[in-house]
Amino acid sequence: MGTLHLDDLRQYSDVLRCRNGIVVTVRFVEPRDAATLQSYFRSLSVRSRYNRFFSAMRELPDNLLEQFMHVGERDEFSVLATTKIDGFEIVVGEARYAFHPEAASVELGLSVDDRWQGQGIGSALLRNLECRAAALGAKRLFCDTLRSNEAMIGLARKSGFTLTSNPDDWKLARFVKQIDTGPLDTACASWRPRGSMPAWPIDEGLRLSL
């Protein structure tokens with residue numbers, strides 16, 4: 001799959017509604033988001049950044065930020081979870097996922113702003129990514145997390161993932177989930193025009209950054 005064009009990025013988004021009434025829009029990262037994305041990562045707590053990248057970086061290095069901005073290149077995608085406050089768009093989370101067609105699998109990573117954790121945003125993103133993986137034709141979804149990240153471990157298990165060992169790093173745990181449903185059967189409008197589906201309710205839960 002080639003890099004998505006700006007019109008493609010703006011055409012598709014998902015709208016999710018938390019139980020407490022917060023509406024979260026999941027959309028692809030656009031070129032205008034570079035500074036916003038960098039500010040988002042700088043605002044995360046030290047623990048959240050470490051859980052997300054397995055290192056103590058204070059911000060995204062230029063080369064990694066560049067990777068985040070190229071949506072669709074090498075079958076890698078970045079999305080932002082946003083909500084509106086007083087008419088302004090606020091980033092409350094992000095996710096990045098990569099499709100590996102030879103293995104029919106999608107690898108993912110995500111984080112949620114510390115101030116917005118516990119609102120169900122992370123669990124919603126995780127379910128949304130499962131739908132996006134199904135839409136790409138994947139049969140398996142997996143992610144790696146630090147073995148010390150108890151919040152992620154609890155969320156992944158609650159979401160139906162199976163815990164395994166990372167084959168390359170003993171400090172990491174790998175969660176794997178087989179995808180049994182097609183994209184039309186899940187709460188996701190990722191590959192349909194914006195507004196073609198209603199907002200979907202999501203569960204409470206998530207106090208973590210992946």
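In the predicted model, arginine 74 counts as exposed because its relative accessibility is 53%, a value above the 50% cut-off for that class. Arginine 74 lies in the loop that runs between α4 (62-69) and β3 (76-85), and its phi is positive, about 55 degrees, although the residue is not a glycine. Aspartate 75 belongs to the loop between α4 and β3 as well, and here too phi takes a positive value, near 60 degrees, in a residue other than glycine. With a relative accessibility of 12%, however, aspartate 75 counts as buried, since the limit for burial is set at under 20%. As a general background to these two backbone conformations, most residues other than glycine have a negative phi.

A second set of features concerns helix α6, which spans residues 150-158 and whose buried residues are Met152, Ile153, Leu155 and Ala156. These residues lie on the same side of α6, because the arc that they cover around the axis is only 170 degrees. The face of α6 that is turned away from this buried side carries Glu150, Arg157 and Lys158, which are exposed. The cover over the buried residues of α6 includes one helix, α5 (121-136), together with the strands β6 (140-146) and β8 (172-178). Glycine 160 follows α6, and the phi of this glycine is positive, near 95 degrees.

Note on methods. Residues numbered from 1 in each chain as written. Predicted model: local features only at pLDDT ≥ 70, side-chain atom pairs only at ≥ 80, totals over all residues. Heavy atoms only, no water. Buried < 20%, exposed > 50% of the residue type's maximum accessible area, 1.4 Å probe, protein only. Helix = DSSP H or I, 4+ residues; strand = E, 2+ residues; numbered from the N terminus. Arc of directions from axis to C-beta. Contact = heavy atoms within 4.5 Å.
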